[in-house]
Amino acid sequence: MKGNAAKPRAALAAWMYLSVLGVGCSPAPADGPERPPAQGDRRTSSPAPADGPERPAASKASEAALGRFSRPSPAYPADLGPRNIGLAPGQLPDAERGGYSLVLSRCGRCHTPARALNHRYAEPEGRDVPDKEAAIASLNQDHPEFFKEPLIWQVEADVWKLCVSRMAAKPLSAIGEGDQRAIRAFLSWDSTRRKLGKKASDWKALRQSLLNRFKARYPGRYSELEKSDSL
Ligand code: HEC
């Protein structure tokens with residue numbers, strides 16, 4: 001009996017010792033809630049303390065390999081916008097649901113998904129480029145305003161296609177052909193619905209406010225982007 005009684009005491013002592021050291025008792029940090037849209041690139045949301053140590057070289061190297069920005073502030077006006085389209089993937093039509101989830105995950109890996117969701121690119125839906133060109137011609141008739149404000153709308157038949165394949169070609173993007181197709185289908189659907197459809201005036205207001213806020217906060221970067229026509 002003596003031996004048995006000693007065991008729990010020893011275990012308790014060991015537990016208290018480890019507790020004091022803080023070993024093994026602190027739970028892994030849970031994933032916090034979504035950060036507010038105003039946060040830019042994901043890394044910037046937890047800045048190192050001003051006088052803190054430099055981040056280890058290894059993490060910098062892997063971020064460089066991922067093509068992440070080293071600039072400490074949001075790099076594009078779109079980065080300041082919402083990180084979703086106000087709908088859960090489950091609320092989307094079947095055909096677009098997968099593409100939307102991929103935008104949130106894949107296109108949110110190196111930078112915030114807000115960059116993809118709030119960019120001026122607007123590619124209409126259609127089977128192929130001629131089909132999309134035809135959609136653009138009729139938009140031009142009915143909504144000339146979409147073609148007069150190039151910082152709000154950049155309407156082109158393959159603008160998302162080019163962007164998505166450029167992103168997929170970046171090292172470690174992990175975006176295969178099938179994923180690219182699904183992402184493009186979603187981005188065209190979203191362009192048609194949210195940027196060129198009945199809610200176009202909401203889109204214009206959102207986009208304009210992102211441009212204004214970005215210009216006020218990062219005037220140097222704004223004029224850099226303006227010069228290279230990349231706002
Ligand atoms: C491997 C890292 C990486 C992934 C994954 C990635 N991006 Fe990017 N993205 C970048 C970098 C770096 C830049 C800035 C430099 C540049 O434009 O190449 C950028 C810039 C952008 C821009 C602004 C420049 C432009 O083309 O107008 C958009 C829009 C964009 N990304 C959309 C996307 C979309 C959509 C996806 C998902 C299909 C995606 N990104 C996935 C790294 C990535």
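The axes of helices α3 and α7 come within 8 Å and cross at roughly 105 degrees. That makes α3 roughly perpendicular to α7, where 65 to 115 degrees counts as roughly perpendicular, under 35 as roughly parallel, over 145 as roughly antiparallel and the rest as oblique. Axes here are lines fitted to C-alpha atoms, for helices over the stretch in contact, and angles run from 0 to 180 degrees between N-to-C directions. Helices (H or I, at least four residues) and strands (E, at least two) are DSSP runs, numbered from the N terminus.

The model is a predicted one, in which local features need pLDDT of at least 70 and side-chain atom pairs count only at pLDDT 80 or more, while totals for chains, interfaces and linings use all residues. Residues are numbered from 1 along each chain as its sequence is written.

**Helix contacts**

On the α3 side, the contact with α7 is made by A95, E96, G98, G99, Y100, L102 and V103. The α7 side supplies D179, A182, I183, A185, F186 and W189. Two residues are in contact if their C-beta atoms, placed from the backbone, lie within 7 Å.

Helix α7 also meets α6, and their axes come within 10 Å and cross at roughly 145 degrees. α6 passes α7 in a right-handed crossing, meaning that the near helix is turned clockwise from the far one by less than a right angle, whereas anticlockwise would be left-handed. In this contact W160, K161, V164, S165 and A168 of α6 meet Q180, I183, R184, L187 and S188 of α7.

The table gives the make-up of both contacts. Ala, Val, Leu, Ile, Met, Phe, Trp, Tyr, Cys and Pro count as nonpolar, Asp, Glu, Lys and Arg as charged, and the others, Gly among them, as polar.

| Contact | Nonpolar | Polar | Charged |
|---|---|---|---|
| α3 with α7 | 9 residues | 2 residues | 2 residues |
| α6 with α7 | 5 residues | 3 residues | 2 residues |

**Cores**

The largest nonpolar core has 25 residues, and V103, C107, I183, F186, L210 and F214 touch the most other members. At least two of its residues come from each of α3 (94–105), α4 (114–117), α6 (159–168), α7 (177–195) and α8 (200–217). A nonpolar core is a set of buried Ala, Val, Leu, Ile, Met, Phe, Trp, Tyr and Cys residues joined through C-beta atoms within 7 Å. A residue is buried if 20 or more other C-beta atoms lie within 10 Å of its own, exposed if 12 or fewer, and partly exposed in between.

Leaving aside residues up to four places away in sequence, I183 touches G99, L102, V103, C107 and V164. Apart from the largest core lies another, of 6 residues, including F146, I152, W153 and V155.

**Single residues**

L104 lies in helix α3 and is partly exposed, with 18 other C-beta atoms within 10 Å. Beyond four places in sequence, L104 touches N84 and P113.

L172 lies in the loop between α6 and α7. Its phi is near 65 degrees, a positive value in a residue other than glycine. L172 counts as exposed, with 11 C-beta neighbours inside 10 Å.

D229 is found in the segment after α9 (219–227), and its phi is near 50 degrees, again positive in a residue other than glycine. D229 is exposed, with 9 other C-beta atoms within 10 Å.

**The whole chain**

The chain has 9 helices and 2 strands, running α-α-α-α-β-α-β-α-α-α-α from the N terminus. Of its 231 residues, 26% count as buried.
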